[in-house]
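Please consider the sequence and the model shown here. The questions that follow concern contacts, the nonpolar core and the sheet.

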Amino acid sequence: LKMPSTATTSPVSLKKMAKTILSAFDAILEAEKEFGLTGSLINLTATFSYAVCHSCAHFKGKPALGQMSILAHAVNYPHVYGYRPKNNLAQAFRARWINSFNTANPANELRTFLIDYEHAFPATPVFIGEYHTPGAPLLHDARELISLAADSDSFVGITFFEFQVSYWKGGSEMRFGMFELGGFPISKMSYANSSYTVWCLMPAQSADAPGSSIPAALAQVYGGPYLDPTQLCLPNPLSVPLSVEGFNLISA
């Protein structure tokens, strides 16, 4: 679940937010029980906005913490939020829950937040579900967060946002993608009674990673292998239509 910032605008919306999470949490536990799933089961989360919750009873001046405190209270007292669970949510929360939030804030600001988090929720791990700070030097910023995770008992890491540029959003939202569309169509795809062109992908360049691309900088941060960008968007005779258009794509 991903909770919008509007979920914290009033006590009524907070109660609805909590009840929504309780219901979804309970439904997953019930489905696992119905299918007889046992052993090491996956952790669960609801990703909050990195927004200050002025309507929350606690942490009113701290981003995200107020929303998390509402949920921690709700799993122990679901009846207060108008929900009657079929499973022991408090027990499952202690065993399997991991908090998460989305943010575009730089690492130096998150350091203080994580100190506050560990004091507030020492027994519940946390990660950043969508992390990317356009305008901040990527190598330095991401490395600092990876270092924070390595030194923390609660903060387990980040998920970088996002894989592909969101052209449909437009404006500043197009600054986040690691890959952008190249100039070579790979295939056609049918979806919801419409046909779409599937384009090849190229590494996105950014001032945040000078002299490098965003995915190359991330590979350097994580210490992993990186692909050969020269092999992307190469015309492939097996992926073009048998037509004049296909011949022109290959011959070009």
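Reader: Leaving aside its neighbours within four places in sequence, with which residues is Phe-155 in contact?

Author: This is a predicted model, in which local features need pLDDT of at least 70, side-chain atom pairs count only at pLDDT 80 or more, and totals for chains, interfaces and linings use all residues. Residues are numbered from 1 along each chain as its sequence is written, and side-chain values use heavy atoms, without hydrogens and water. Contact means heavy atoms within 4.5 Å. By this criterion, and beyond four places in sequence, the partners of Phe-155 are Leu-114, Glu-118, Val-126, Phe-127, Ile-128, Leu-145, Leu-148 and Ala-149.

Reader: Which element gives the most residues to the largest nonpolar core?

Author: A nonpolar core is a set of buried Ala, Val, Leu, Ile, Met, Phe, Trp, Tyr and Cys residues joined through side-chain atoms within 4.5 Å; buried means under 20% relative accessible area with a 1.4 Å probe, protein chains only. The largest one has 52 residues, and Phe-155 is among those that touch the most other members. Helices (H or I, at least four residues) and strands (E, at least two) are DSSP runs, numbered from the N terminus. With seven residues, the leading contributor to this core is α1.

Reader: In which order do the four strands form the open sheet?

Author: Two strands pair if DSSP finds at least two bridges between them. β1 and β2 pair over three bridges in the parallel sense, and Ser-49 has Asn-102 as its bridge partner in β2. The edge strands, each pairing on one side only, are β1 and β4. The pairing in the sheet is parallel, and the order is β1-β2-β3-β4.

Technical notes
Buried means under 20% relative accessible area, exposed over 50%, partly exposed in between (1.4 Å probe, protein chains only).
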